[in-house]
Amino acid sequence: MELQLRTGTADDTRAVGAAIAPLLRIHDVMVLTGELGAGKTTLVRGIASGLGASEHVASPTFTLIREYVTGRIPIAHVDVFRLDRVQDVVDLALDEVEDGACVLIVEWGDAVDELLPDDRLRVELTSEDPAAGADARRIAITAEGPSWVERADELVAVTGPWRADP
Ligand SMILES: Nc1ncnc2c1ncn2[C@@H]1O[C@H](COP(=O)(O)OP(=O)(O)O)[C@@H](O)[C@H]1O
Ligand SMILES: [Mg+2]
């Protein structure tokens, strides 16, 4: 199940994250792909605020995993964009999710799907044609695996305001 969204501003992308947050459950895995500056961390900011987390959200550059624990469910946030030993970091993060009863959100340069569980929500962000405005983004959301397919109707409902024309 794939949904195509469009946002016009960073605030809009944050709002998409906040709208998805109520659907999240402990042990969920979200994969965010897109180029540098596409808006992955911006989306995580929205998810964190939607979960009620008050920590500042930033790309985990110097720490491998950042955790935001003050919301409804803790978030483990990993950015593997520039890392060489991706599998090590992902394994570490997955352990964290098992032990810490949190959701895992991973930012990637591009998909390295086989490293993550099959049950996951995948979000792909791309900048639109500059003619559409420098701030416009396409956000493709794919529900992969049984637990996300089960939430497909809810996903459709909460993302309605940003649905792109087919
Ligand atoms: N529609 C939009 N969605 C997300 N970010 C946007 C949008 N328009 C402009 N921006 C800007 O683009 C940048 C995205 O940065 P960031 O979220 O850190 O990207 P990434 O984590 O993918 O590298 C921010 O400076 C943000 O303000
Ligand atoms: Mg980032």
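Here are some worked exercises on this predicted model, each with a solution that goes step by step.

**Exercise 1. The sheet and its edges**

Work out in which order the strands of the sheet are arranged, and which strands stand at its edges.

*Solution.*
Step 1. Start with the strand order: the 7 strands of this open sheet are arranged as E1-E7-E6-E2-E5-E4-E3. The pairing is mixed.
Step 2. Now look at the two ends of that order. Strand E1 (2–7) and strand E3 (65–68) each have a single partner strand, so one side of each is left without a neighbour in the sheet. These two therefore stand at the edges.
Step 3. Finally, add the twist, which averages 20° from one strand to the next.

**Exercise 2. A hairpin at one edge**

Find how E3 and strand E4 (residues 75–79) are joined, and which residues face each other across the pair.

*Solution.*
Step 1. Take the direction: E3 and E4 run antiparallel and are joined by 4 bridges.
Step 2. Check the connection. The two strands form a hairpin, with 6 residues between them.
Step 3. Go through the residue pairs, among them glutamate 67 opposite alanine 76. Tyrosine 68 has isoleucine 75 in E4 as its bridge partner.
Step 4. Add a side-chain link. Histidine 77 is placed in strand E4, and a polar contact of 2.8 Å connects its side chain with that of tyrosine 68.
Step 5. Is histidine 77 buried or exposed? Its relative accessibility is 0%, so histidine 77 counts as buried.

**Exercise 3. Helices on the sheet**

Determine which strands helices H1 and H3 meet, and which residues of H1 are buried.

*Solution.*
Step 1. Begin with helix H1 (residues 10–20), which packs on the sheet and touches E1, strand E6 (120–127) and strand E7 (137–144). The directions of H1 and E1 make an angle of about 140°.
Step 2. Turn to helix H3 (residues 86–100). This helix lies across strand E2 (29–33), E3, E4 and strand E5 (103–108), and runs at about 160° to E5.
Step 3. Return to H1 and list its buried residues: Thr13, Val16, Gly17, Ala19 and Ile20. Viewed down the helix axis they fall within an arc of 165°, so they line one face of H1.
Step 4. Ask what covers these buried residues. The cover includes E1, helix H2 (40–50), E6, E7 and helix H5 (152–158).

**Exercise 4. The surroundings of glutamine 4**

Describe where glutamine 4 lies, how accessible it is and what it touches.

*Solution.*
Step 1. Place the residue: glutamine 4 is part of strand E1.
Step 2. Read its accessibility. The value is 33%, so glutamine 4 counts as partly exposed.
Step 3. Collect its contacts, leaving out residues up to four places away in sequence: Ile139, Ala140, Trp162, Arg163 and Ala164.
Step 4. Compare sequence and space. Glutamine 4 and aspartate 165 are 161 residues apart along the chain, while their C-alpha atoms are separated by 8.1 Å.
Step 5. Include the side-chain link to glutamate 2, a polar contact of 2.5 Å.

**Exercise 5. Salt bridges across the chain**

Count the salt bridges, then trace three pairs and one network.

*Solution.*
Step 1. The count is 7 salt bridges in the structure.
Step 2. Glutamate 150 pairs with arginine 25, with 3.1 Å between the closest N and O atoms. Glutamate 150 sits in the loop between helix H4 (146–149) and H5, arginine 25 in the loop between H1 and E2, and 125 residues separate the two. Glutamate 150 is exposed at 57% relative accessibility, whereas arginine 25, at 34%, is partly exposed.
Step 3. Aspartate 28 pairs with arginine 151 at 2.8 Å between the closest N and O atoms. The former lies in the loop between H1 and E2 and the latter in the loop between H4 and H5, so this pair ties together parts 123 residues apart in sequence. Both aspartate 28 and arginine 151 are buried.
Step 4. Glutamate 144 pairs with arginine 122, the closest N and O atoms being 3.3 Å apart. Here strand E7 holds glutamate 144 and strand E6 holds arginine 122, 22 residues apart. Are they buried or exposed? Buried means under 20% relative accessible area: glutamate 144 has 19% and counts as buried, and arginine 122, with 10%, is buried too.
Step 5. Finish with the network: Arg6, Glu128 and Arg138 are joined by salt bridges that share partners.

Notes
Residues numbered from 1 in each chain as written. Chains lettered and ligands numbered in written order. Predicted model: local features only at pLDDT ≥ 70, side-chain atom pairs only at ≥ 80, totals over all residues. Heavy atoms only, no water. Pairing = 2+ DSSP bridges. Axes fitted to C-alpha atoms, helices over the stretch in contact; angles between N-to-C directions. Contact = heavy atoms within 4.5 Å. Buried < 20%, exposed > 50% of the residue type's maximum accessible area, 1.4 Å probe, protein only. Polar contact = N/O pair within 3.5 Å; in protein donor to acceptor, adjacent residues only side chain to side chain. Arc of directions from axis to C-beta. Salt bridge = Lys/Arg side-chain N within 4 Å of Asp/Glu carboxyl O.
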